[in-house]
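Let's take a walk through this one, from its crosslinks to its pocket. Keep the viewer open and click along as we go.

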Amino acid sequence: MRSGAESMREVEQSLCGKYPITVQDVESVTNPSVASHSSSEESCLISRMEIPTVLLLLAVQNCLTSGKRDNEALKPTDTQARYQNQTENTRLLDINYRQSISTRDLTSSPTASHVNDLVPVKGLSFSCAVGYTQKGIAECQDINECEQGGEGPCGYNSNCTNTPGSFVCSCFRGYLMSSSGCQDIDECALAAVTGLQACGRKAVCKNSLGSFQCHCPTGFVLGLDGHNCVDVDECTFEESCRRELGNVCLNTEGSYKCVCQPGFREDKAACIDVDECVELEGVCTNQGECENTFGSYKCVCSHGYRGNGTHCTDVNECVSGLHNCDVNARCGNVMGSYFCQCHQGYSGDGHSCSDVDECGCGNATCEQLCTNTPGSFLCSCHAGYQLHIDRQSCVDIDECKLQNGGCSHICTNTPGGHVCHCPPPLLLGHLNSTCVNITSCALRNGGCDQLCSLGAEGRVKCSCREGWELATDQRTCLDIDECVMFNGGCEQVCVNQAGSFNCTCKPGFELRTDDPTKCQPVCEPTCQNYGVCVAPNTCDCPPGYPGPGCSAMCSPPCAHGGTCMRWNMCLCRPGWTGEGCHTAVCELPCGNGGHCVAPNVCQCPSDYTGLQCLTPLCTPPCLNGGTCVDVNTCSCAGAWQGARCQIEPVLCVKPCNNGGECVGLDRCRCSTGFTGDFCETAVTMPCVPPCQHGGTCSPHNTCSCPAGTSGLRCEKLTCPVVTTVVSMARAVRKGFKESYVDRCGPLGVLLCTKYRINQARVYLQAYKVGYKIQCPSKTGI
């Protein structure tokens, strides 16, 4: 199959041989400003223009206009036609008049070479041809149409060349003349139609104004020629394959792949570790646990076992002392582990045990006294008791069985003790054990219960205080119950007490302060406003105070903390007024139909707000700094417009740079290749592969290398040369030359080799030195 270029050349040869077209013919088509006006030539040329494709026209141009510009006009634009269709205002009509006009030498001046100098004759007038202007009385000067402002007669993207009496338009490279001016040529579409290649291998063509660009897919980088894509050798910089572990990286066209060692798996162009512990079920047995490693795995014994991971035996933590049991706990070994249990009398998880206070928590079984001890408790008894053989119960001691309890006469055993008694008229002495005859009140009050006195015969006589009476033994005093006779004089309840009595009242009554024997009713709440309590919780109230406790009653009740003073009369708190204190008071009146709903609080309609409802509202609110000046009326700030100041002005205080277009308030739409608020920053693409050793990426995927580095990616380190002259006793001049080895060592340092130069200029390797210079970080390369 023939290529598009060969087909194009055949078309050109065919056209050039079949139609003997001159350069002027093509110019008459491509640039009307220099075209001939011959009708016969136009008809011939038009007949030749019946070929319907642009490709044939381009072939004609390539054949005949190799010395011309790349793009010339095919058809006059509207602007050019406006200038070329101007008609001459005045012509000489009579040939006799022409014969009477003196003709100057047309070659005498630059202006006269292109125009007719007309000498005025009496009774005649003249004017200059189109494209000239009158200068003086009878001289015409060429007009430079290209010096006009704005887009000029040729429009944008074109060159204007002035000619005598006219001008010539030509388009910039990458543009083609049309009826509307110079239009961009889509080189990418043209290449697709013609079969020619705008971009080279693997490259994708993207049209731009006046030109085109070639882009490369992932895995390729644009070559230095700007047209062909060059494969990127990812293996020179990638790290996913983990080559340091023995894996291999193989570069492919546009990508790469990893050849992984056993223990790794290729996944998405990377070698990832295989977790054998997950994929190989039961790989470790006999109490061994699988532990994954990078590129492999290993078996280790489970906790509580020991061994090489393949054969594991139980560890007796209780015997080896590897347990963590408390000193007050016992350790029990189990397979692969152990357990701790607190001793009796202690509580806890076995790892931490604390003493249990059996006496305090009620767990002790002592009958009387309990004493806590570490891990246990002890029982004891009160005086007069002895501990039972069960070490918990207490048994009473019968003191009367042992020497009559020390009593001289009668001994009576009691729980925990004993009591001595004497037969009348004897009384116990000071020791409460010996009986003595009483002859005075000095010893034990003469045996009397209350009052003791001596009679005329010297005998002891007992008596009682008021409220008491003497018993039949003439020594003991018995209480007299005063409430038996006439209720003790109490109005309601009489309560007898030892030697006396008290008067109390029934529920709902209380003792009167002026007469302790009388009772009066109690009212809760207390009767107010001169009311009288006539029965329990019953007040006899004056008129106007029918409430509980003769309080005032208002219906409806006083609101907002108001106090009811009399029947339906409220004393309102500040800020409220009206019947029942339901009306709020606003010191500043509410405007625009607002209502006072609380002290100095206005409830405004939907269109107003503020303390007095005087501030209008705009719904939705004004945007972009706008101010609401009336209901739903915004006053916009700056150049913002719209009902809610929502329309952004197209205004840039600073001009947009690099061909950017202002599209809003200080917002620029940047042209391709620029960014920033005002398109001031050029967009730079990262270099692939990246620059190394601190190199910076420059246009066309090239690197700018810092001092001391070289190479396409600054990958080479330039070795510094240092020469030192040392004076010694033998006057031997020695020099040193240092050179850096172009690689990073295994410890992440740059290796350097130092050489010594002798007098004969023979390089002898003296010794090697590994300089600990930190290698550049890969993330910063």
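Cys-618 is buried, since its relative accessible area is 8%, and 8% falls under the 20% limit for that label. This is a predicted model, so treat the side-chain geometry here as the output of a prediction. The partner of Cys-618 is Cys-628, and the two are joined by a disulfide with an S to S distance of 2.1 Å. Cys-618 sits in the loop between β48 (615–616) and β49 (627–630), while Cys-628 is in strand β49 itself, so the link ties together parts that are 10 residues apart in sequence. Look at the S-S bond and you'll find 85 degrees about it, a right-handed link. At the other end of the bond, Cys-628 counts as partly exposed, at 23% relative accessibility.

Now scroll back along the chain to another loop-to-strand link. Cys-586 and Cys-596 make a disulfide, with 2.0 Å from S to S. Cys-586 lies in the loop between β44 (583–584) and β45 (595–598), and Cys-596 lies in strand β45, so this pair ties together parts that are 10 residues apart in sequence. What is the hand of this disulfide? The torsion about the S-S bond of Cys-586 and Cys-596 is about 90 degrees, so the disulfide is right-handed. As for accessibility, Cys-586 is buried with a relative accessible area of 17%, whereas Cys-596 counts as partly exposed at 28%.

For a left-handed case, go to Cys-505 and Cys-519. Their sulfur atoms are 1.9 Å apart, and they form a disulfide. Cys-505 is in the loop between β36 (500–504) and β37 (509–511) and Cys-519 is in strand β38 (residues 519–521), so to speak a link between distant parts of the chain, 14 residues apart. The value about the S-S bond is -95 degrees, which makes the link of Cys-505 and Cys-519 left-handed. Cys-519 counts as buried, at 11% relative accessibility.

These three pairs are part of a longer list, as the count comes to 46 disulfides. So why does Cys-361 have no bond to the closest cysteine sulfur? That closest sulfur belongs to Cys-359 and is 8.3 Å from the sulfur of Cys-361, too far for a bond. The cut-off for a disulfide is 2.5 Å between the sulfur atoms. Cys-361 is also partly exposed, with a relative accessible area of 42%.

Next, switch to charged side chains. A search of the whole structure turns up six salt bridges. One of them pairs Glu-253 with Arg-201, and their closest N and O atoms are 1.7 Å apart. This pair links distant parts of the chain, 52 residues apart: Glu-253 is in the loop between β11 (248–252) and β12, and Arg-201 is in the loop between α7 (187–194) and β7. Both ends have some accessible area: Glu-253 is partly exposed at 45%, and Arg-201 counts as partly exposed at 44%.

Glu-279 and Arg-265 also meet through their side chains in a salt bridge, at 2.3 Å from N to O. Here a helix is joined to a strand: Glu-279 lies in α8 (residues 276–279) and Arg-265 in β13 (residues 264–266), so the pair ties together parts that are 14 residues apart in sequence. Glu-279 counts as partly exposed at 48% relative accessibility, and Arg-265 counts as partly exposed at 33%. Further along, Arg-669 forms a salt bridge with Glu-661, where the closest N and O atoms are 3.2 Å apart. Glu-661 counts as partly exposed, at 46% relative accessibility.

Finally, the pocket. The largest pocket holds about 1300 Å³ of space. It is lined by 39 residues, and the closest to its centre are Gln-213, Cys-214, His-215, Leu-222 and Met-685. Which strand gives the most to the lining of the largest pocket? That's β8, with four residues. Strands β7 (204–208), β8 (211–215), β9 (220–222), β12 (255–259) and β55 (696–698) each supply at least two residues of the lining. By residue class, the lining of the largest pocket divides into 20 nonpolar, 17 polar and two charged.

Key:
Residues are numbered from 1 along each chain as its sequence is written. This is a predicted model: local features need pLDDT of at least 70, side-chain atom pairs count only at pLDDT 80 or more; totals for chains, interfaces and linings use all residues. Side-chain values use heavy atoms; hydrogens and water are left out. On a 1 Å grid over the protein atoms alone, a cavity is a set of points where a 1.4 Å probe fits but cannot get out, and a pocket is an open set with protein on both sides within 12 Å along at least five of seven lines; lining residues have an atom within 4 Å of a point. Grid points are joined across faces, edges and corners, and a volume is the space filled by probe spheres set on the points. Ala, Val, Leu, Ile, Met, Phe, Trp, Tyr, Cys and Pro count as nonpolar, Asp, Glu, Lys and Arg as charged, and the others, Gly among them, as polar. Buried means under 20% relative accessible area, exposed over 50%, partly exposed in between (1.4 Å probe, protein chains only). A salt bridge is a side-chain nitrogen of Lys or Arg within 4 Å of a carboxyl oxygen of Asp or Glu.
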